[in-house]
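Biologist: Please take a close look at the salt bridges in this model. I would like to know which residues pair up and how open to the surroundings they are.

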Amino acid sequence: MNKRMKDVGGKIFLCAVTIAIPFLLMVVANQSRKNADLKKQIEVLEHKQEDLKEKNKRLVGEIGQLTSVERIEKEAEDLGMKPATTEEIVRVDMNGRKK
């Protein structure tokens, strides 16, 4: 009887392994697919990040140009503006009286 139990136990183990192997292969295949999808998403996001970095560099450069004193003075001059003279400056105190 002991031998018979070993035979039954061996057959059950063999059946369990036979069933488990395809299941494990499916799990591995599914995980590989997920990893490939995530890798592709990472590549897309890295490319997008590089594009945004380049755009940011260009915008920072444009800000530097647009805020330069020389450019602002030239734009003001082109619009017919000139520095105010002392007589044209009006100062107002907190009570609203002219000085």
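Modeller: The protein chain holds two helices and zero strands. The model is a predicted one, and the values below are computed from it. Little of the chain is covered, as buried residues make up 1% of its 99 residues. The protein chain exposes about 9,900 Å², and carbon and sulfur atoms supply 63% of that area.

Now to the pairs. Side chains of opposite charge can pair when their charged atoms come close. A search of the whole structure finds six salt bridges. Three of them are described here, beginning with one in helix α1.

Asp37 forms a salt bridge with Arg33, and the closest N and O atoms are 3.4 Å apart. This counts as a salt bridge because the cut-off between the side-chain nitrogen and the carboxyl oxygen is 4 Å. Both residues belong to helix α1, which covers residues 2-66. Asp37 and Arg33 are four residues apart in that helix, so about one helical turn separates them. Neither partner is buried: Asp37 has 40% relative accessibility and is partly exposed, and Arg33, with a relative accessible area of 45%, is partly exposed too. The label follows from the limits, because partly exposed lies between under 20% for buried and over 50% for exposed.

Helix α2, residues 69-78, contains a pair with a similar layout: Asp78 and Lys74 are four residues apart, about one turn of the helix. In their salt bridge the closest N and O atoms are 3.0 Å apart. Asp78 and Lys74 are both exposed. That fits the rest of α2, which is hardly covered, with zero buried residues among its ten. After α2 comes Gly80, which has a positive phi, near 85°.

A further salt bridge joins the side chains of Glu88 and Lys82, at 3.3 Å from N to O. Here the two partners fall into separate classes. Glu88 has a relative accessible area of 44%, so Glu88 is partly exposed. Lys82 reaches 57% and is therefore exposed.

For contrast with these charged pairs, there is also a nonpolar patch on the surface, formed by Phe13, Val17, Ile21 and Leu25. Together these residues have about 390 Å² of accessible area. One of them, Ile21, is found in helix α1. Ile21 is partly exposed, as its relative accessible area is 46%.

To sum up the pairs, Asp37 bonds with Arg33 in a salt bridge, Asp78 does so with Lys74, and Glu88 does so with Lys82.

Note on methods: Residues numbered from 1 in each chain as written. Predicted model: local features only at pLDDT ≥ 70, side-chain atom pairs only at ≥ 80, totals over all residues. Heavy atoms only, no water. Buried < 20%, exposed > 50% of the residue type's maximum accessible area, 1.4 Å probe, protein only. Patch = residues over 30% accessible without salt bridge, like charges linked within 9 Å, V, L, I, M, F, W, Y side chains within 5 Å. Areas by Shrake-Rupley, 256 points an atom, 1.4 Å probe, with all protein chains shown as cover.
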